[in-house]
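Work through the three exercises below with the structure open. Try each task before you read its solution.

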Amino acid sequence: MCGIVAYIGSKPAKPLLLEGLKRLEYRGYDSAGLAILDGTLQIAKAVGRVVNLETKLKKLPGFEGSLGLAHTRWATHGGVTELNAHPHRDDKSGIAIVHNGIIENYAALKKLLTERGHTFHSDTDTEVLAVLIGELYEGDLEAAVQAALREVTGAYAICVVCEQEPGVLVCARKGSPLMVGVGSGECVVASDPSAIVAHTSQAFALEDYNVARITREGFRTSTIDNKPVSPKMMQLELDLEQAELGTYEHYMLKEIFEQPTSLRTTMRGRVDLNEGKIVLGGLMDCAKELVKIKRFILIAQGTALHAAMIGEYLLEDLATVPAECEYASEFRYRNPIIEDRTAVIAVSQSGETIDTLSALHEAKDRGALSLGVINVVGSSIARETEAGVYLRVGPEIGVASTKAFTGQVAALTLMSLFLARRRFMSAERTRTLLDALNKIPQAIETALESNDLVRRVTEKYVERDNWLFLGRGYNYPTALEGALKLKEISYIHAEGMPAAEMKHGPIALIDDGMPAVFIANKGPQYEKVINNIEEVRARGGHVIAVATEGDEHIASIAEDVLYVPDVPDCLSPMVTVIPLQLMAYHAAVLRGHDVDKPRNLAKSVTVE
Ligand code: F6R
């Protein structure tokens with residue numbers, strides 16, 4: 001989604017801002033722009049990639065100052081045009097602003113400002129905010145920003161500069177992430193730590209309704225009502241090398257192949273095989289309370305929701321405690337009943353997904369214990385949950401989530417076993433499952449060896465425009481994930497569903513043009529899945545089966561079989577998903593799509 005980088009210090013801002021924007025490219029965007037304040041404001045914008053902006057800037061004189069703002073825009077209000085790209089400015093006051101989020105009452109504000117004689121050049125909500133700050137400006141940028149933000153509803157992360165205060169950068173946040181990296185005599189502000197770590201590892205995250213006024217001499221933070229607040233400094237631990245492409249052609253492929261390593265890191269130090277114990281530091285403070293929880297509610301969106309659905313099965317199956325999983329966006333707007341001893345688990349790679357964050361607020365307000373299963377350390381959801389488990393899978397750059405999915409499932413498995421052992425599970429059974437869990441990275445390595453075969457199978461069907469993904473039990477969410485992966489990067493229509501549901505309608509779609517991917521591992525529902533495969537075959541559908549190594553029968557009924565190692569059913573999604581991730585990857589490449597920058601998608605969805 002939109003990205004922000006701002007700089008104040010003594011170095012030339014332009015190269016630093018462009019480099020920061022490139023670090024944010026993975027988040028998804030459609031235009032870019034920057035403003036440098038060097039006596040006067042200079043603004044340049046370009047539609048498309050950051051490199052277009054860079055090329056344009058090479059031909060423009062100036063842009064020499066050491067204070068500036070930059071932005072990658074993912075269109076919400078108004079089309080993808082230069083006029084709608086950020087920064088936006090208010091001509092009267094000489095204010096420029098970059099903004100992530102949505103100002104919900106912008107239409108009413110725009111009407112009011114138009115009546116007061118202001119004119120607008122773009123269709124954006126951001127320009128309205130620029131003009132509002134300008135309208136309220138009386139020689140103090142920080143005060144004008146605070147006053148304007150008291151008038152707006154919605155979500156924002158903003159950075160603002162003003163020609164009349166050439167050494168001041170003002171930033172603020174509500175509901176959209178913004179982090180201030182503090183170096184010596186300089187600050188780098190960004191919506192994502194990856195644009196900061198090359199310059200400093202000391203940073204703080206702005207909290208909702210907080211404003212920072214930054215100069216070359218230092219900074220101060222306050223609320224939008226001008227009450228002083230003290231930010232909590234943190235050490236950024238992001239390893240930039242982990243975010244490099246290396247020898248891979250795409251981040252998605254790199255991250256698919258990284259999964260054995262990333263999962264070993266998820267489990268390192270957390271699995272004590274000798275004692276049959278699970279060590280989760282992030283849950284220890286509330287372990288006693290957790291054991292008494294009567295109901296878990298898992299909330300998430302997209303791929304994280306599919307992992308959360310597996311978490312629901314795991315909690316019921318292993319920890320024998322009622323659990324249910326729901327789209328965070330739906331949970332938030334109904335009237336969720338939170339009874340005594342209910343815990344909510346927010347599952348999110350970024351920790352910034354606005355639907356998940358808002359649902360978490362709702363659950364907390366209603367008295368739920370709040371837990372997080374999050375990848376990005378120090379993200380909003382991580383900060384706002386009382387306890388949780390980090391994924392530790394490293395930065396995920398590919399827009400299509402892969403290693404975060406297996407990391408989320410592994411973390412939820414650890415969490416379920418942590419609880420199970422404290423409830424009814426014997427040490428013996430726990431040890432058996434932990435032993436199998438420890439071997440999952442190896443099983444993924446084996447599954448990855450089929451990469452060439454997966455490509456060949458995908459090639460056979462890549463021209464088909466409609467696919468089905470079917471699974472049962474633990475692998476029903478895997479089927480949903482397989483369909484989502486294919487949709488988002490290869491733009492092929494795909495539907496995932498429980499294999500048994502097919503008979504209740506979707507079977508009408510089956511003809512000889514329709515590939516049906518079955519997850520048919522040797523689990524408790526294997527025989528039932530085989531029946532469903534026969535039903536598709538009888539109607540001329542093409543069956544691709546993800547099956548357990550050694551299953552010869554399936555080769556006689558499926559047209560193509562992608563084998564994966566035999567692992568316990570409850571752990572199988574981490575392995576069965578591998579050929580599905582590879583299939584989506586190859587389909588996108590074969591169709592000539594930009595795998596890491598799929599159209600219309602953003603890495604972290606910070607607007608509703
Ligand atoms: C799909 C994908 C999205 C995210 C969803 C939630 O590949 O990446 O569906 O899973 O937007 O994002 P997080 O996990 O950051 O909350």
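A residue is near a molecule if one of its heavy atoms lies within 4 Å of it. Keep in mind that this is a predicted model.

**Exercise 1.** Find which residues come nearest to the ligand.

Solution. Start with the shell: 13 residues are around the ligand. Ser348, Gln349, Ser350, Thr353 and Glu488 come nearest. Next, sort the shell by class: 3 residues are nonpolar, 8 are polar and 2 are charged.

**Exercise 2.** Find polar backbone atoms beside oxygen atoms of the ligand, then state how much of the ligand the protein buries.

Solution. Take the backbone atoms one by one. For threonine 303, the distance to a ligand oxygen is 3.1 Å. For valine 399, it is 3.4 Å. For serine 401, a backbone N or O atom lies 2.8 Å from a ligand oxygen. Now turn to area. The ligand taken alone exposes 400 Å². The protein buries 91% of that. Two elements, α10 (302-317) and α18 (476-490), each give two or more residues to the shell. The most come from α10, with 3 residues.

**Exercise 3.** Classify the ring pair of phenylalanine 204 and phenylalanine 219.

Solution. The whole structure holds 5 aromatic pairs. In this one, the ring centres are 5.0 Å apart and the planes meet at 35°, so the pair is tilted. Phenylalanine 204 is in strand β11 and phenylalanine 219 in strand β13, 15 residues apart. Last, check accessibility. Phenylalanine 204 has 1% relative accessibility, so this residue counts as buried. Phenylalanine 219, at 32%, is partly exposed.

Notes
Residues are numbered from 1 along each chain as its sequence is written. This is a predicted model: local features need pLDDT of at least 70, side-chain atom pairs count only at pLDDT 80 or more; totals for chains, interfaces and linings use all residues. Side-chain values use heavy atoms; hydrogens and water are left out. Rings of Phe, Tyr and Trp (its six-membered ring) pair if their centres lie within 6.5 Å; planes under 30 degrees apart count as stacked, over 60 as edge-to-face and the rest as tilted. Helices (H or I, at least four residues) and strands (E, at least two) are DSSP runs, numbered from the N terminus. Buried means under 20% relative accessible area, exposed over 50%, partly exposed in between (1.4 Å probe, protein chains only). A polar contact is a pair of N or O atoms within 3.5 Å; within protein, one must be able to donate a hydrogen and the other to accept it, and residues adjacent in sequence count only if both atoms are side-chain atoms. Accessible areas come from the Shrake-Rupley method with a 1.4 Å probe; for residues, only the protein chains shown count as cover. Ala, Val, Leu, Ile, Met, Phe, Trp, Tyr, Cys and Pro count as nonpolar, Asp, Glu, Lys and Arg as charged, and the others, Gly among them, as polar.
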